[in-house]
Amino acid sequence: MESVVDLALLGLLAVTAFGVLHLRNLVAVVMLMGIYSFLSAALFVVLDAVDVAFTEVAVGAGVSTILALGTLALVGTRQKRHAKSPLIPLLIVLVTGGMLVYGTYDLPRWGEPDNPVHGHVAPEYLADHVPLAGDEGDVLEVHIPNIVTTVLASYRGYDTLGETTVVFAAMVGVLTLFVGSRRQRRTGGPPADDEGGSGAS
Amino acid sequence: MMVVGASIAVLVTMAMAMARALLGPTVYDRVLAVNMFGTKTVLTIALIGFFTGRPEFLDLALAYGLLNFIGTIAVLKFFQFGSLGASGPHPGETESG
């Protein structure tokens, strides 16, 4: 039954993607992208990646829909027809996809216990973290009860700090853009009523 | 058995909502289809939780329900005012984000 649900979700995902490609009404495309986000979130839950699923719904279906609609308010909602033939892009995509699929043949088999990724540092992290049956508590190195938090906040702390810095810088940039446009509107220039959705507050 | 029936029903409803989102003549059909689809996602996650024996994903499903609601409100507000409240009649209102 689970595989039936998986296949149905994947099929709907493919239908959505083709709808996004086919439709010329961009509002409909934005709505379909919201549906796409919901479907991929459901698939992430099936794959046990619950945190990724949550991010997908909050960002993909929530914020990006609003941002895309804000963009459409500025640029109009009809897509222009392309004059060029789509054959060469299709060829490039097919060749790239084929090469990627070919590349997967060199990967180690999925889920094997003696894959390289399981023999590197993961056992140490787990051993540091989970108290073994004999020892009582003293083996803990980090003292954080959750293994994911341990890896993110301690073993990969600098990595996480870098990510947070990048996100912070991006947010400051976006807020600067919004504040600039608002001030410009107040002090002069053409009175633009429904321009520039202020999507951040 | 119940879970199987419920899953099939939800998947069929998803397909129908998808059809409305693809065909829908007006914008509101599509908005409603997306809202419907979000609800069906919530139900799908609940059902997946039950047939994998991990119903603790239900709180995730609840959070999806809330997000879906806020998102729909934001989209509809957008269609009414053309932006998210800056030019609306209530300038002090906050928006989703």
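This is a chat about the helix packing, pocket and cavities of a predicted model.

Student: Okay, where do I start? How do H1(B) and H2(B) pack?

Tutor: Start with the two helices themselves: H1 of chain B covers residues 2-23, and H2 of chain B covers residues 27-51. Their axes lie 9 Å apart, at an angle of about 160 degrees.

Student: So are H1(B) and H2(B) roughly parallel or roughly antiparallel?

Tutor: Roughly antiparallel, because angles over 145 degrees count that way. The crossing of H1(B) past H2(B) is left-handed.

Student: Which residues make the contact?

Tutor: On the H1(B) side they include Val3(B), Ala6(B), Val10(B), Met14(B) and Leu22(B). From H2(B) you get, among them, Asp29(B), Arg30(B), Met36(B), Phe37(B) and Leu47(B).

Student: What classes do the residues of that contact fall into?

Tutor: There are 15 nonpolar, four polar and four charged residues in the contact of H1(B) with H2(B).

Student: Next pair, then. At what angle do H2(B) and H3(B) cross?

Tutor: At roughly 175 degrees, and their axes come within 9 Å. H2(B) and H3(B) are therefore roughly antiparallel to each other.

Student: Which residues meet there?

Tutor: H2(B) brings residues including Val27(B), Tyr28(B), Val34(B), Asn35(B) and Phe50(B). Among those they meet in H3(B) are Leu58(B), Tyr64(B), Asn68(B), Thr72(B) and Phe79(B).

Student: And how many charged residues are in the contact of H2(B) with H3(B)?

Tutor: None are charged; the contact divides into 15 nonpolar and seven polar residues.

Student: Let's bring in the other chain. How do the axes of H3(A) and H3(B) cross?

Tutor: They cross at roughly 0 degrees and come within 10 Å. That is why H3(A) and H3(B) count as roughly parallel to each other.

Student: Which residues should I click on for that contact?

Tutor: For H3(A), try Val50(A), Phe54(A), Ile66(A) and Leu69(A), which are among the residues in the contact. For H3(B), the contact includes Leu60(B), Leu67(B), Phe78(B) and Phe79(B). By class, the contact of H3(A) with H3(B) has 16 nonpolar, three polar and no charged residues.

Student: Changing topic: how many cavities of 30 Å³ or more are there?

Tutor: The count is two. The largest cavity holds about 170 Å³ of space, and the second largest holds about 50 Å³.

Student: What lines the largest cavity?

Tutor: It has 16 lining residues, and Ala61(A), Val34(B), Asn68(B), Gly71(B) and Thr72(B) lie nearest its centre. H2 and H3 of chain A, along with H2 and H3 of chain B, each supply at least two residues of that lining.

Student: Which helix has the largest share of the lining?

Tutor: H3(B), with six residues. The lining of the largest cavity is made of ten nonpolar and six polar residues, and no charged ones.

Student: And which residues line the second largest cavity?

Tutor: Those are Val5(A), Ser7(B), Val10(B), Leu11(B), Thr44(B), Leu47(B) and Phe51(B). The elements giving two or more residues to this lining are H1 and H2 of chain B. Five residues of the lining are nonpolar, two are polar and none are charged.

Student: Last thing: what's the volume of the largest pocket?

Tutor: About 450 Å³. Its lining includes Phe18(A), His22(A), Arg24(A), His82(A), Lys84(A), Pro89(A) and Val93(A). Helices H1 (2-22) and H4 (87-103) of chain A are the elements that give two or more residues to the lining.

Student: Which element gives the most to that lining?

Tutor: H4(A) does, with four residues.

Student: And what's the split by class there?

Tutor: The lining of the largest pocket has seven nonpolar, three polar and two charged residues.

Technical notes. Residues are numbered from 1 along each chain as its sequence is written. Chains are lettered from A and ligands numbered from 1 in the order in which they are written. This is a predicted model: local features need pLDDT of at least 70, side-chain atom pairs count only at pLDDT 80 or more; totals for chains, interfaces and linings use all residues. Side-chain values use heavy atoms; hydrogens and water are left out. On a 1 Å grid over the protein atoms alone, a cavity is a set of points where a 1.4 Å probe fits but cannot get out, and a pocket is an open set with protein on both sides within 12 Å along at least five of seven lines; lining residues have an atom within 4 Å of a point. Grid points are joined across faces, edges and corners, and a volume is the space filled by probe spheres set on the points. Ala, Val, Leu, Ile, Met, Phe, Trp, Tyr, Cys and Pro count as nonpolar, Asp, Glu, Lys and Arg as charged, and the others, Gly among them, as polar. Axes are lines fitted to C-alpha atoms, for helices over the stretch in contact, and angles run from 0 to 180 degrees between N-to-C directions. Angles under 35 degrees count as roughly parallel, over 145 as roughly antiparallel, 65 to 115 as roughly perpendicular and the rest as oblique. A crossing is left-handed if the near helix is turned anticlockwise from the far one by less than a right angle, and right-handed if clockwise. Contact means heavy atoms within 4.5 Å.
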